[in-house]
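Student: I should like to learn how the packing of helices and the interior of a protein are read from a model. May we work through one together?

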Amino acid sequence: MQEEQQPEAAADPMSSSDAPEDGPKETSSISQNISDADAFKILLEMKLQKRQKRPALPSTVTELDTEDGSKVYVVGTAHFSDSSKKDVVKTIQEVQPDVVVVELCQYRVSMLKMDEKTLLKEAKEINLEKLQQAIKQNGVMSGLMQMLLLKVSAHITEQLGMAPGGEFREAFKEASKVPFCKFHLGDRPIPVTFKRAIAALSFWQKVKLAWGLCFLSDPISKDDVEKCKQKDLLEQMMAEMIGEFPDLHRTIVSERDIYLTYMLKQAAKQIELPRASENEPRKYIPSVVVGVVGMGHVPGIEKNWNSDLKIQEIMSVPPPSASSKIFKFVLKATFFGLLGYGCYRIGHRTVEFVLSMPATQSYLQRLTEVPQQ
């Protein structure tokens, strides 16, 4: 999947409205005559001056370099952590990046612009409408898997009273304050991940995993979240549940490590400076990138950083296996069987109730007396 296929939101550079209106006339006349290339260079110089040469970065930041001199600062976060939000803000302010990449895909981008109260309510509520939407979007098996994982997230949300994705929203806000800073979505699309995860499991593994997710009820405290700073709480809980399924761990964690690494390297390509004319030679400068990912993905990103990555294979969705088809058939048969039985029982009881009513019995008695007369 190429980089241009990924949605991105570019943070607006400093607008002209930020400039004072009562400045000297000489300044305004110069600004009118300045070229776009010169204006870009001026703003870029301002940005570089603000960028710290030796940034004071949190301990959760991992620094990576590319062959052309670009730098990537990977902030390892816990998805339900206040200190992770502060780490993200501090890192972006210190390095003044050209690109910010977050562990989100287009299917979860809505959380960036929703307020905390709405997100908290949405995260706690898992209803039939959400289940239908997930099944319609991802298919029966993948939709059910998505809802079970949302249940895990909702459990943490309810225990902590904190909406997920706070570090991504902070990254989005801070990126908008940095001139010429682009915002990229760096995670693999959820439907691809879930469909590949389902295909990797046998019938009984699916049943066992669903059972474990359905009956998750362990209490969680904010101290537990901060203790898990070296390994994201949500991903740690998932790792404990899927530890006995190596293929599932590969699709949900290891493959996404590769995808995130690929997107970070794509974002870290050199920046071409604007030219005053077409005759002027092209000039490039190294870029600075900040990646915001769950702490559990950081070791995998470091491991894959110097590898030649190709993501075509991990973007393909294998055809459903025989066990998946059987499970789907059994699930549908069970659903319609229970639905039919329920309708039969309701109808049978309704008929018995109507027949037992005095008015009905009187009417039936009259009908039987008519032929006799």
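**Reading helix packing and cores**

Tutor: In this predicted model, helices α8 and α12 cross in a right-handed sense.

Student: How is such a pair of helices described?

Tutor: Two packed helices are described by the angle between their axes and the distance between those axes. Here, the axes of α8 (residues 190–199) and α12 (residues 246–267) come within 7 Å and cross at roughly 150 degrees. Angles over 145 degrees count as roughly antiparallel, so α8 is roughly antiparallel to α12.

Student: Which residues of α8 and α12 make the contact?

Tutor: From α8 come T193, R196 and A197, while α12 contributes L248, R250, T251, I252, E255 and R256. By character, the residues of this contact comprise three nonpolar, two polar and four charged.

Student: Why might residues spaced along a helix point the same way?

Tutor: An α-helix has 3.6 residues a turn, so residues three or four places apart point the same way. On α8, T193, R196 and A197 belong to the contact with α12.

Student: Let us turn to the interior. Which residues have the most contacts inside the largest nonpolar core?

Tutor: They are V100, V102, A171, F183 and V290, in a core of 21 residues. At least two residues of this core are supplied by each of β3 (71–77), α3 (82–95), β4 (99–102), α7 (166–175), β5 (182–185) and β8 (288–294). Another core, of 15 residues, lies apart from it and includes L64, A268, V289 and I301.

Student: How many residues of α7 are buried?

Tutor: Seven of its 10 residues are buried, and α7 is thus mostly covered. The buried residues are G166, E167, F168, R169, A171, E174 and A175.

Terms used:
Residues numbered from 1 in each chain as written. Predicted model: local features only at pLDDT ≥ 70, side-chain atom pairs only at ≥ 80, totals over all residues. Heavy atoms only, no water. Axes fitted to C-alpha atoms, helices over the stretch in contact; angles between N-to-C directions. Helix = DSSP H or I, 4+ residues; strand = E, 2+ residues; numbered from the N terminus. Parallel < 35°, antiparallel > 145°, perpendicular 65-115°, else oblique. Left-handed = near helix turned anticlockwise from the far one by under 90°. Contact = heavy atoms within 4.5 Å. Nonpolar A, V, L, I, M, F, W, Y, C, P; charged D, E, K, R; others polar. Core = buried A, V, L, I, M, F, W, Y, C linked by side-chain atoms within 4.5 Å. Buried < 20%, exposed > 50% of the residue type's maximum accessible area, 1.4 Å probe, protein only.
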